[in-house]
Each structure stands twice: as C-alpha cells, then as structure tokens.
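Got your viewer open? Here is a short tour, with one stop after another to select and look at.

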Amino acid sequence: MKTWKMAVLGVAAIGFSAMSANAGELDILKPRVPADQIAAAKAMKPPFAVTADMIAKGKDVFTGAGTCYTCHGAAGDGNGPGAAGMDPSPRNFTNSQFEQVRTSGEMFWVVSNGSPLQPAMVGFVTAGQITEKQAWEAVIYERSLGCKGDMSCIEGSADWVSKQPVHEEAAGNLKPEFLNTAAK
Ligand code: HEC
C-alpha cells in the first residue's frame, strides 16, 4: 500500500514538472484567424499538388530557413529549445486532432501573418523570412506529422476538415479558459 502511494506521488510529480516546463497549448478548437478573414483563409489551398516531394521541401523549410524547429521541436511536437517558458506553448503538430480541426489555409494564414494569440509566433512571410511558397511547404510538412500518410488530411481542405469529428482535447493540455470553446 505504501509503495503504491509513493508510485502515484511520483507520477504526479513527473506530470507537474512536465507541465511547468511547458505552459500548455491553447485550445485547438479556437480559430486563430480573425472572424472577418476566416472564410477566405479556410478556402485557400496549397498552390501546388501535395506530393512527397513537397513534404520533403517543407521539412527543409521547417529545419532550415523557417527556423520552425527551434520552437515547434525537431519532431514537431512543440518541445523545441525555444519553447521553454513560452505561454501559450508552440503547437504540437503530431497531435492528429489538430489537423482534423484546422485547414491548411488557416495554418498558412498564421505562418503568413502571425498568431493574434501569441506574438512569439510571428508572421514569417510578412516579416520577409520565408516566401509564400516556403510557407505552404512548411504547413504541408507540419500536417504530415499528424496525418500519418493520409494525403487528404495532409492537404487539409475545408471540405475534408468539415467532415472530421470535433474533438475535445484532454483537459491537462489546455488552459482552463480555453476548455470547451468549440467554434468551427
Ligand atoms: C519563436 C517560436 C516559434 C517559431 C520560431 C515558430 N513558431 Fe509556430 N507557433 C509558436 C507558438 C508559441 C504557437 C502557438 C500560438 C497559438 O497558440 O496561437 C505557434 C503556432 C503555430 C501554428 C498553429 C496556429 C494554429 O492555427 O493554431 C502554425 C501553423 C505554426 N506555428 C507554424 C510555424 C511555422 C511554419 C514556423 C516556421 C516558419 C513556425 N511556426 C515557427 C511559436 C513559434
């Protein structure tokens, strides 16, 4: 009984230190694109056919010119060195629920213009760090991390996203004020 209690406390302590290292993402169900632009953003499509070659180019942008990995992590799980203490935390692209609620056009909008909810996620295109083409490539690569080879998911059209279930994220991953704020 005593050993059992200690094991439980140990797990709780690990959980707590993991949470304090990473402040937590904001709700995936809360759109980042302002309301007056979201319809247009959702309708945007990658300007090229989504192929394995494009995903490979996107990886080059993610780990190179875009410096995305510094915050989003080499594995795209949101745990890059720059993520320490960042609140809200960088998006975890390996969470397939994220790709199911977000279109590639909405992601492209954020990479172009930045996130209104997190100034650290700057607009890489408007800042002139990467081109629009590179931004699309990076988005497609990021989606490939959670889409596990499903090309429709990687392409992420508004039509495909509208057919996916709306997920409630695990409470521990989110700030309380963003729980259950479903808006799609
Ligand atoms: C300085 C750290 C940092 C860098 C570098 C960075 N990001 Fe982010 N990114 C963030 C943070 C923090 C968030 C979470 C913002 C939020 O919750 O709105 C985020 C969120 C995102 C999102 C998700 C927005 C949504 O719809 O929820 C996308 C897409 C994204 N980043 C793409 C990129 C790409 C592509 C690059 C490289 C060109 C990049 N990021 C580089 C910190 C960074």
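Before you click on anything, here is what "buried" means on this tour: a residue is buried if 20 or more other C-beta atoms lie within 10 Å of its own, exposed if 12 or fewer, and partly exposed in between, with C-beta atoms placed from the backbone. Helices are DSSP runs of H or I with at least four residues, strands are runs of E with at least two, and both are numbered from the N terminus. What you are looking at is a predicted model, where local features need pLDDT of at least 70 and side-chain atom pairs count only at pLDDT 80 or more, while totals for chains, interfaces and linings use all residues. Residue numbers start from 1 along each chain as its sequence is written.

**The whole chain**

Start with the protein chain in cartoon view. There are 9 helices and 2 strands, in the order α-α-α-α-α-α-β-β-α-α-α along the sequence. Of its 184 residues, 37% count as buried.

**Helix 6**

Now select 104-113, which is helix 6. How many of its residues are buried? The count is 9 of 10, so this helix is mostly covered. Among the buried ones are Met107, Phe108, Trp109, Val110 and Val111. The buried residues of helix 6 pack against helix 2 (38-43), strand 1 (114-115), strand 2, helix 7 and helix 8; for contacts like these, the C-beta atoms of two residues, placed from the backbone, lie within 7 Å. Step just past the end of helix 6 and you reach Gly114, with a positive phi of about 95 degrees.

**Where helix 6 meets helix 7**

Add 132-147, helix 7, to the selection. The two axes come within 9 Å and cross at roughly 125 degrees. (Axes are lines fitted to C-alpha atoms, for helices over the stretch in contact, and angles run from 0 to 180 degrees between N-to-C directions.) Helix 6 and helix 7 are therefore oblique to each other: under 35 degrees would be roughly parallel, over 145 roughly antiparallel, 65 to 115 roughly perpendicular, and the rest is oblique. Show side chains for Ser104, Met107, Phe108, Val111 and Ser112 on helix 6, which meet a helix 7 set including Ala135, Trp136 and Arg143. By class, this contact has 8 nonpolar, 2 polar and 2 charged residues. Here Ala, Val, Leu, Ile, Met, Phe, Trp, Tyr, Cys and Pro count as nonpolar, Asp, Glu, Lys and Arg as charged, and the others, Gly among them, as polar.

**The ligand**

Next, centre on the ligand. Which residues are closest? Of the 29 that surround the ligand, they are Gly66, Cys68, Cys71, Ser115 and Met121. To belong to this shell, a residue needs its C-beta atom, placed from the backbone, within 6 Å of the ligand. The shell divides into 15 nonpolar, 8 polar and 6 charged residues. Helix 6 turns up again with the largest share, 4 residues. Helix 4 (69-72), strand 2 (118-122) and helix 7 each supply at least two.

**Three backbone oddities**

Finish in the loops. Thr67, between helix 3 (52-63) and helix 4, has a positive phi near 55 degrees without being a glycine. With 16 C-beta neighbours inside 10 Å, Thr67 counts as partly exposed. Lys148, in the loop between helix 7 and helix 8 (151-155), is another non-glycine with a positive phi, about 50 degrees. Lys148 is exposed, with 11 other C-beta atoms within 10 Å. Last stop: a cis peptide bond joins Asp87 and Pro88, with omega about 0 degrees. Look for Pro88 in the loop between helix 4 and helix 5 (96-101).
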